[in-house]
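Visitor: I've got a chain open in the viewer and a few minutes to spare. Can you walk me through it?
Guide: Sure. Let's put it up.

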Amino acid sequence: MTDVDVERQLVTLAHDFAANEIRPVAAAFDDSEEFPADIVRKAAGVGLTSFDLPAAYGGGGVDSVRTACLIGEELAWGDAPIGSIVGSASFFADPLAAMGTEEQRERWITPLCGDDPPMAGLAITEPGAGSDAAAIATTATKVDGGYRLNGQKTWVSGAPIGRYYLVYVTVAPGTRAKGITSFVVEQGDPGFTLGPELAKLGSRCYPTGELFFADCFVPDDRRIGDEGQGFSGVMRSFDRSRVTLAANSIGIGRAALEYAIGYATQREAFGKKIHEFQAVSFRLVDAKVALDQARMMTLHAADLADAGDPFATEASMAKLAASEAAWKAANAAVMTLGSYGYSRDYPVEKWLRDAKLEEIYEGTSDIQRLIIARSLFPRER
């Protein structure tokens, strides 16, 4: 079986799972804000939670960013927050696969490949360090046999139900990127406490919370890579995740656009179908063009990543274009439905709420523009 055949089968699997298992329950989980544990277990049973984790530890061994994007789009078409949960393991596992020891990979990646995978998250953002990841202030102080962590993390996806967290701290305060180092912290470690779940506008069934460290001791074997190696790991994670998140955005926008087209085909006003009014149809045309342009940019960035070529700028371009296209499509859907678009009896207001997050996390649209601008005007060496 060729790589293309494998990709096609996985994308079909993801679409069918999204249509049959995710879409029917998405609204209920949004209303209840309950974590969709049963859906995650079902996804694990068919390999969707671990298809992109290393085969050596029980995963599917698919390391193609392009394939991950195509699967992510289908899952987000079903529901963005549930799709993000299903695909979340790689965010934690990628840095371990790249910088961890064999024992560390076996210890923390293997459980993620099981039939009931634990939640695992990345802890980077702090109250005073969001877009500026080099400003991390949570510290790790070397002591006999390990390190003591002190500080706070916020907006951690998967908290407060996660079992493992890859926490980025500094071992050399004041040195910015040079001191950033990563450690695995497990729920139950002394000195580690979880804050309450944060209330959010969208992505409501994907819990997000805060982590607190008060002389939290972690042994030496919890450090991932060398001291000071963490910042490069953060940037590597961001580059790849921005591409896959772009695909998620396209899935949201596609869902909203499809619904709006269906509504405009059925709804009548002033004696004709509303899609016959240019004000309606042109709005949807613009959303379609933006989404298709963003998809091409996303797959281009993914292809560069798969080829081993530099793709950081293209990743930012894809995320910027796709997140703003998703918002445009969701807003167009709301406007097409009019007052019904504002009603929670229809799904389009949820897509609008979920789309807004796409413009914020993993670097806001402003940050993506800054990264792209730096590529246009590189500093003199």
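**A covered strand and its neighbours**

Guide: Start with strand β5, residues 180–186: seven of its seven residues are buried. Keep in mind that this is a predicted model.

Visitor: Which residues of β5 point one way, and which the other?
Guide: Ile 180, Ser 182, Val 184 and Glu 186 point one way. Thr 181, Phe 183 and Val 185 point the other way. All of them are buried.

Visitor: Why the two sets?
Guide: Because side chains in a regular strand alternate between the two faces of the sheet.

Visitor: What does β5 pair with, and in which sense, parallel or antiparallel?
Guide: One partner is strand β4, residues 164–170. Seven bridges join β4 to β5, and the two run antiparallel. Within that pairing, Val 167 has Phe 183 of β5 as its bridge partner.

Visitor: How many bridges link β5 and β8?
Guide: Two, again in the antiparallel sense. Strand β8 covers residues 223–224. Ser 182 has Ile 224 in β8 as its bridge partner.

Visitor: OK, what about β7? Which strands pair with it?
Guide: Strand β3, residues 146–157, pairs with β7 over nine bridges, antiparallel. Strand β6, residues 192–194, pairs with β7 over three bridges, also antiparallel.

Visitor: Give me a residue pair for each.
Guide: For β3, take Ser 157: its bridge partner in β7 is Thr 208. For β6, Leu 194 stands opposite Leu 211 in β7.

Visitor: New topic. Where does Asp 220 lie?
Guide: In the loop between β7, residues 208–219, and β8.

Visitor: And why does Asp 220 count as partly exposed?
Guide: Its relative accessible area is 34%. The partly exposed class runs from 20% to 50%, so Asp 220 falls inside it.

Visitor: What does Asp 220 touch?
Guide: Lys 142, Gly 145, Gly 146 and Tyr 147. That leaves out residues up to four places away in sequence. Tyr 147 is 73 residues from Asp 220 along the chain, yet their C-alpha atoms are separated by 6.9 Å.

Visitor: Now backbone geometry. Which peptide bond is cis?
Guide: The one from Ala 159 to Pro 160, with omega near 10°. Pro 160 sits in the loop between β3 and β4.

Visitor: What about phi at Glu 33?
Guide: Phi there is positive, about 60°, although Glu 33 is not a glycine. Glu 33 lies in the loop between α1, residues 3–32, and α2, residues 37–45. At a relative accessible area of 33%, Glu 33 is partly exposed.

Visitor: And what is phi at Asp 215?
Guide: Near 50°, a positive value in a residue other than glycine. Asp 215 lies in strand β7. With 46% relative accessibility, Asp 215 counts as partly exposed.

Visitor: Back to α2 for a second. Is Gly 45 buried or exposed?
Guide: Exposed. Gly 45 lies in helix α2 and has 58% relative accessibility. The cut-off for exposed is over 50%, so Gly 45 qualifies.

Visitor: How far is Gly 45 from Thr 125?
Guide: Their C-alpha atoms are separated by 32 Å, and the two residues are 80 apart along the chain.

Visitor: Zoom out. How many helices and strands in the chain?
Guide: 11 helices and 10 strands. The C-alpha trace spans about 80 × 50 × 45 Å along its principal axes.

Visitor: What radius of gyration does the chain have, and what would a compact globule give?
Guide: The chain has 21 Å. A compact globule with 381 residues would be near 21 Å, so the two agree.

Visitor: What share of the residues is buried?
Guide: 52% of the 381 residues. The chain exposes about 16,800 Å², and carbon and sulfur atoms supply 54% of that area.

Visitor: What about contacts between residues 24 or more positions apart?
Guide: They account for 74% of the contacts with a separation of 6 or more.

Visitor: Last one. How many positive and negative side chains?
Guide: 37 positive and 52 negative. The centres of the two sets lie 5 Å apart.

How values were computed:
Residues numbered from 1 in each chain as written. Predicted model: local features only at pLDDT ≥ 70, side-chain atom pairs only at ≥ 80, totals over all residues. Heavy atoms only, no water. Helix = DSSP H or I, 4+ residues; strand = E, 2+ residues; numbered from the N terminus. Rg over C-alpha atoms; globule rule 2.2 N^0.38 Å. Buried < 20%, exposed > 50% of the residue type's maximum accessible area, 1.4 Å probe, protein only. Contact = heavy atoms within 4.5 Å. Areas by Shrake-Rupley, 256 points an atom, 1.4 Å probe, with all protein chains shown as cover. Lys, Arg positive; Asp, Glu negative; His and termini not counted. Charge placed at Lys NZ, Arg CZ, Asp CG, Glu CD. Pairing = 2+ DSSP bridges.
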